[in-house]
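Visitor: I am new to this structure and would like a close look at a single part of it. Could you take me slowly through the open sheet, and then show me what lies around it?

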Amino acid sequence: MDTASWMIGDVKLTRIVEMKAERFPHWGFRNLSLEDVRAQAWMRPHFATEDGKLRSCIQSFVIETADRTIIVDTCVGNDKARQNESWNDLQTSFLDELAAAGYPPEGIDTVLCTHLHVDHVGWNTRLVDGNWIPTFANAKYLLGRFEWEHWSQEAGDKRNGEITPEVADDVMQQSVVNADSIQPVIDAGLHELVEPYHQICEGISLFPTPGHSPGHVSVSIKSGTEQAVITGDMMHSPIQCSLPHVASNFDYDTKQAEATRREFLSQHADGPVKVFGTHFRHPTWGRIVSNGDSWVFDVKDSDAC
Ligand SMILES: [Zn+2]
């Protein structure tokens with residue numbers, strides 16, 4: 001079990017990790033070498049191994065306010081047929097761990113997917129008697145309007161940037177993901193299409209961070225004097241703070257993704273905002289700190305707790 005919780009003012013934020021991985025950089029990135037990773041000494045030990053593999057995870061965050069319980073991104077999920085064999089037909093104890101952390105599925109009132117990729121929508125549904133049913137039966141599922149309109153039309157031919165094999169697979173498989181993880185939620189009448197700037201409740205809002213996917217959003221948490229952001233896949237690894245041009249194999253528009261990262265990094269550099277990375281391993285959050293004409297992800301405060 002790998003859960004942890006933090007307080008952002010009066011808001012409780014909890015991570016539930018579904019799986020962890022150590023992978024060579026080419027698995028996830030188009031333009032990142034082993035030497036590039038080894039050269040960023042600050043990435044070790046939390047986010048890279050000595051030999052230059054990137055350490056990542058797939059996790060959900062639960063945001064608990066005085067009157068709302070929101071799950072942000074729902075990982076890969078169980079029983080799903082996936083091309084990536086490490087994600088295919090999973091049988092994890094994710095829901096038990098969620099419940100053990102104090103969040104049984106029926107207590108979640110809002111599901112927010114930062115975007116609609118396979119590793120962010122999986123637990124939207126679960127398999128019961130051969131049917132995909134919404135896991136969070138009492139929740140409203142917030143889907144980005146633009147994001148859903150794009151993926152439901154399979155608009156792969158409108159991409160900017162190189163079509164890597166990974167991107168091609170991703171486009172091919174989105175129809176499968178839609179069918180088992182999104183359409184059942186819509187059929188159950190539990191979804192709400194939202195705009196890129198959207199206030200979920202007091203202190204919790206969405207803001208657009210496009211590039212990785214067309215309608216990608218990140219989450220802002222403000223309570224008292226404290227602020228945090230959940231990145232989604234605006235960044236996949238903290239190494240993209242130092243090397244913002246590094247593009248995920250799964251980015252829809254690499255140029256836009258880089259521009260989004262640079263804007264976010266310069267806006268939050270040397271400030272108080274706690275940045276929680278959706279695919280970042282423990283300690284999960286850090287602060288953006290300037291480093292010459294680039295940045296690093298500083299975990300000295302988070303590492304202590
Ligand atoms: Zn992802």
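Guide: What follows is a walk through the open sheet, then the nonpolar cores, and then some single residues and a helix elsewhere in the chain. Please keep in mind throughout that this is a predicted model.

The sheet is open and is formed by 7 strands, which follow one another in the order E10-E11-E12-E13-E14-E15-E16, with mixed pairing. At its edges stand strand E10, covering 198–201, and strand E16, covering 294–298, each of which pairs on one side only. If direction is ignored, neighbouring strands of this sheet are turned against each other by 30° on average. As general background, strands of a sheet pair through backbone hydrogen bonds, either parallel or antiparallel.

Starting from the edge strand E10, we find that E10 pairs with strand E11, residues 204–208, in the antiparallel sense and over 3 bridges. Within this pairing, Cys201 has Ile204 of E11 as its bridge partner. The hairpin of E10 and E11 has 2 residues between the strands, and in this hairpin Gly203 takes a positive phi near 90°. Moving on from E11, we come to strand E12, residues 217–223, which runs antiparallel to E11 and is joined to it by 5 bridges. Here Leu206 stands opposite Val219, a residue of E12.

Val219 also leads us from the sheet to the largest nonpolar core, which has 58 residues, and in which Ile63, Ile70, Val72, Val111, Leu112, Val219 and Ile221 touch the most other members. Taking Ile63 as an example, and not counting residues up to four places away in sequence, we see that Ile63 touches Val11, Leu13, Ile70, Val72, Ile204 and Ile221. Ile204 is thus both a contact of Ile63 and the bridge partner of Cys201. There is also a second, separate core of 13 residues, and among its members are Val37, Ala48, Ile239 and Leu243. In soluble globular proteins, nonpolar side chains tend to be buried together.

Two peptide bonds deserve a look, one of them within the span of the sheet's strands. The bond from His282 to Pro283 is cis, with omega near 15°, and Pro283 is found in the loop between strand E14 (274–276) and strand E15 (285–291). The bond from Arg44 to Pro45 is also cis, with omega near 0°, and Pro45 lies in the loop between helix H2 (34–39) and strand E3 (54–64).

The loop between strand E4 (69–72) and helix H3 (94–100) holds Asp79, and Asp89 lies in the loop between E4 and H3 as well. Asp79 has a positive phi of about 70° although it is not a glycine, while Asp89, also not a glycine, has a positive phi of about 50°. Asp79 counts as partly exposed because it has 15 C-beta neighbours inside 10 Å, whereas Asp89, with 10 such neighbours inside 10 Å, counts as exposed.

His191, which lies in strand E9 (residues 191–194), counts as buried because it has 21 C-beta neighbours inside 10 Å. Although His191 and Leu142 are 49 residues apart in sequence, they are 5.9 Å apart in space, C-alpha to C-alpha. Leaving aside neighbours within four places in sequence, His191 is in contact with Tyr141, Leu143, Val185 and Ile186.

Finally, helix H5, residues 145–152, has Glu147, Trp148, His150 and Trp151 as its buried residues. Seen down the axis of H5, these buried residues fall within an arc of 165°, so they line one face of the helix.

Note on methods:
Residues numbered from 1 in each chain as written. Predicted model: local features only at pLDDT ≥ 70, side-chain atom pairs only at ≥ 80, totals over all residues. Buried ≥ 20, exposed ≤ 12 C-beta atoms within 10 Å, placed from the backbone. Helix = DSSP H or I, 4+ residues; strand = E, 2+ residues; numbered from the N terminus. Arc of directions from axis to C-beta. Pairing = 2+ DSSP bridges. Axes fitted to C-alpha atoms, helices over the stretch in contact; angles between N-to-C directions. Contact = placed C-beta atoms within 7 Å. Core = buried A, V, L, I, M, F, W, Y, C linked by C-beta atoms within 7 Å.
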